[in-house]
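Okay, thanks everyone, I'll keep this short. Have a look at the model on the screen and then I'll walk you through it.

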Amino acid sequence: HRGVASLTVDHRYRGDAYARVLQHAPLAFDASTFELWVPLLSGGAVVVARPGLMDAPALAAVVTEHRVTAAFVSAGLFKAVAEEQPECFRGVRTLWTGGDVVSPAAVRRVLDACPGMTVHNAYGPTEISVMATCRPVTDPREVPAPLPIGCMMDHRSGHVLDERLRPVAPGESGELYLTGAGLARGYLGRRGLTAERFVADPFGAPGERM
């Protein structure tokens with residue numbers, strides 16, 4: 001519950017861009033947490049898609065009929081829709097995508113077809129509540145390739161460290177360690193793996209993990 005709450009109070013969700021959020025992900029997929037609780041805890045509405053295949057025509061229909069203002073689509077669906085019918089998102093003000101490498105070409109196509117939209121490239125492993133970082137893009141002429149994962153979201157922190165858990169210098173390679181309110185407490189019923197992967201945060205308060 002703490003992780004979900006920490007996600008929904010991110011400052012990026014303020015304003016009327018999240019007045020009507022599309023809910024189409026299965027409840028077992030963590031994106032449904034974003035789809036349900038971001039609007040409900042900020043005075044918005046959840047637009048529940050009809051059961052069935054969510055392709056470009058279906059997206060266009062639900063966005064137009066129900067005046068959807070925000071949505072999350074997986075990187076794979078985003079790429080497929082961008083290639084087939086990028087204008088199907090027209091009317092959506094902010095679109096989040098992630099779960100895999102996001103295609104810069106797909107972002108450019110959607111932004112070209114939907115002026116005024118912001119596309120967020122979101123990154124978050126299973127061990128964090130939905131998302132840890134994001135990179136917003138608004139101008140189709142300024143879409144970097146590859147698309148960066150962006151900066152930390154509110155109530156999340158991260159460190160890029162070497163194999164001895166020391167910070168690496170800018171430009172050097174390292175491992176990204178995540179911490180903060182959205183971090184899971186471990187793997188259910190797998191104490192050994194939890195102890196291996198969830199290590200003490202040398203930069204946090206006593207008892208904090210990353």
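Let me start with what I'm calling a disulfide: a pair of cysteine sulfur atoms within 2.5 Å. By that cut-off, the structure holds zero of them. Take cysteine 88: the nearest cysteine sulfur belongs to cysteine 114 and sits 7.1 Å away, so with a limit of 2.5 Å there is no bond to call. Cysteine 88 is also buried, at 2% relative accessibility. Then there's cysteine 151, again in no disulfide, where the nearest cysteine sulfur is that of cysteine 134, at 7.8 Å. Cysteine 151 is exposed, with a relative accessible area of 55%.

I should say right away that this is a predicted model. As for annotation, UniProt has an unreviewed entry that lists residues 1-188 as "domain: AMP-dependent synthetase/ligase". In the model, that span is 26% helix and 23% strand, and its end C-alpha atoms lie 16 Å apart.

Okay, helices. Which residues of α4, residues 75-84, are buried? Those are Ala75, Leu77, Phe78, Val81 and Ala82. They cover an arc of only 160° around the axis, so they end up on the same side of α4. You'll remember the general point: with 3.6 residues a turn in an α-helix, residues three or four places apart point the same way. Over on the other side of α4, Gly76 and Glu84 are exposed. And what do the buried residues of α4 pack against? Two helices, α3 (56-66) and α5 (104-113), plus the strands β3 (70-74), β4 (94-98) and β5 (118-123).

Now α2, which is mostly covered: seven of its 10 residues are buried. The buried set is Ala31, Ser32, Thr33, Phe34, Glu35, Val38 and Pro39. Their packing partners are α1, β1, β2 (45-48), β3 and β4.

Hang on to Phe34, since that brings us to the aromatics. How many aromatic pairs are there? The count comes to eight. In one of them, tyrosine 13 meets phenylalanine 34 edge-to-face, 5.7 Å centre to centre with 65° between the planes. Tyrosine 13 lies in the loop between α1 (2-8) and β1 (20-23), while phenylalanine 34 is in helix α2, so this pair ties together parts that are 21 residues apart in sequence. Both tyrosine 13 and phenylalanine 34 are buried. Zooming out a bit, ring pairs link Tyr13, Tyr18, Phe29, Phe34, Phe72 and Trp96 into a cluster.

Last stop, the backbone oddities. Where's the cis peptide bond? It joins alanine 145 and proline 146, with omega at about 0°. Proline 146 is in the loop between β6 (133-137) and β7 (151-152).

Then we have positive phi values outside glycine. Arginine 67 has a phi near 55°, and you'll find arginine 67 in the loop between α3 and β3. Arginine 67 is exposed, with a relative accessible area of 56%. Histidine 155 also has a positive phi, about 65°, although it is not a glycine. That histidine 155 belongs to the loop between β7 and β8 (156-161). Is histidine 155 buried, exposed or partly exposed? Partly exposed, at 44% relative accessible area.

That's my tour, so over to you for questions.

How values were computed. Residues are numbered from 1 along each chain as its sequence is written. This is a predicted model: local features need pLDDT of at least 70, side-chain atom pairs count only at pLDDT 80 or more; totals for chains, interfaces and linings use all residues. Side-chain values use heavy atoms; hydrogens and water are left out. UniProt positions are given in the numbering used here, feature names are shortened, and annotations may be inferred rather than shown by experiment. Helices (H or I, at least four residues) and strands (E, at least two) are DSSP runs, numbered from the N terminus. Rings of Phe, Tyr and Trp (its six-membered ring) pair if their centres lie within 6.5 Å; planes under 30 degrees apart count as stacked, over 60 as edge-to-face and the rest as tilted. Buried means under 20% relative accessible area, exposed over 50%, partly exposed in between (1.4 Å probe, protein chains only). The arc is that of the directions from the helix axis to the C-beta atoms. Contact means heavy atoms within 4.5 Å.
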